[in-house]
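Here are some exercises to work through with the model open beside you. Try each task before reading its solution.

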Amino acid sequence: MELVIIISTITSFFSHHLIDRAVVANSVSVIFATLITWLLVGTRGGGFDQEFFLQVLIVAVIALFISMIVGLVFAYHKKCS
């Protein structure tokens, strides 16, 4: 899970830095964080079963939550500037 948090924080920072619209930045961040995590941990021997899809869903929810928090920080920073 630590890997998911680190990757989603980095991708959400860069997506919110480069994209002004929060919804698009959140979507891009979640997609890239899920794909990067899946590629890094994708060497497991199992197939595409229900447990695998549940883990991908959990990764996507964690990435969305972190991206929303980073987006709020960026919005607050822009408001103060």
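**Exercise 1. Place V41 in the model.**
Find the element that holds V41, and decide whether V41 is buried, exposed or partly exposed.

Solution. Start with the secondary structure of this predicted model: V41 is found in helix α2. Next, take the relative accessibility of V41, which is 46%. Buried would need under 20% and exposed over 50%, so V41 counts as partly exposed. Finally, look across to L3: the two C-alpha atoms are 9.6 Å apart in space, while V41 and L3 are 38 residues apart in sequence.

**Exercise 2. Describe the overall fold.**
How many helices and strands does the protein have, and in what order do the elements run?

Solution. Counting the elements gives three helices and zero strands. Read from the N terminus on, the order is α-α-α. For the overall dimensions, take the principal axes: the C-alpha atoms fill a box of roughly 50 × 20 × 20 Å. Then turn to burial, where 28% of the 81 residues count as buried. As a last step, consider the contacts between residues at least 6 apart in sequence: 69% of them join residues at least 24 apart.

**Exercise 3. Analyse the packing of α1 and α3.**
At what angle do the axes of α1 and α3 cross, and which residues make the contact?

Solution. The two axes come within 8 Å and cross at roughly 45 degrees. That angle makes α1 oblique to α3. The crossing of these two helices is right-handed. On the α1 side, the contact is made by V4, I5, S8, T9, S12, F13, H16 and H17. On the α3 side, the partners are V59, I62, A63, I66, S67, V70, G71 and F74.

**Exercise 4. Do likewise for α2 and α3.**
What is the angle between α2 and α3, and what is the handedness of their crossing?

Solution. Here the angle is about 140 degrees, and the axes are 9 Å apart. Roughly antiparallel would require an angle over 145 degrees, so α2 and α3 are oblique to each other. Their crossing is right-handed. From α2, the contact residues are A25, N26, S29, V30, A33, T34, T37 and W38. From α3, they are F52, V56, V59, A60, A63, L64, S67 and M68.

**Exercise 5. Find the largest nonpolar core.**
Which residues make up the largest nonpolar core, and which helices each supply at least two of them?

Solution. The core has five residues: I7, V30, A33, A60 and A63. Helices α2 (22-41) and α3 (50-80) each supply at least two residues of this core. Now zoom in on A60: leaving aside residues up to four places away in sequence, A60 touches V30 and T34. As general background, nonpolar side chains tend to be buried together in soluble globular proteins.

**Exercise 6. Search for salt bridges.**
How many salt bridges does the whole structure contain, and what parts does the pairing of D20 with K78 tie together?

Solution. The search finds one salt bridge. D20 pairs with K78, and their closest N and O atoms are 3.5 Å apart. Because D20 lies in the loop between α1 (2-18) and α2 while K78 lies in helix α3, the pair ties together parts that are 58 residues apart in sequence. To finish, check the accessibility of both partners: D20 is exposed at 66% relative accessible area, and K78 is partly exposed at 46%.

How values were computed
Residues numbered from 1 in each chain as written. Predicted model: local features only at pLDDT ≥ 70, side-chain atom pairs only at ≥ 80, totals over all residues. Heavy atoms only, no water. Core = buried A, V, L, I, M, F, W, Y, C linked by side-chain atoms within 4.5 Å. Buried < 20%, exposed > 50% of the residue type's maximum accessible area, 1.4 Å probe, protein only. Helix = DSSP H or I, 4+ residues; strand = E, 2+ residues; numbered from the N terminus. Contact = heavy atoms within 4.5 Å. Salt bridge = Lys/Arg side-chain N within 4 Å of Asp/Glu carboxyl O. Axes fitted to C-alpha atoms, helices over the stretch in contact; angles between N-to-C directions. Parallel < 35°, antiparallel > 145°, perpendicular 65-115°, else oblique. Left-handed = near helix turned anticlockwise from the far one by under 90°.
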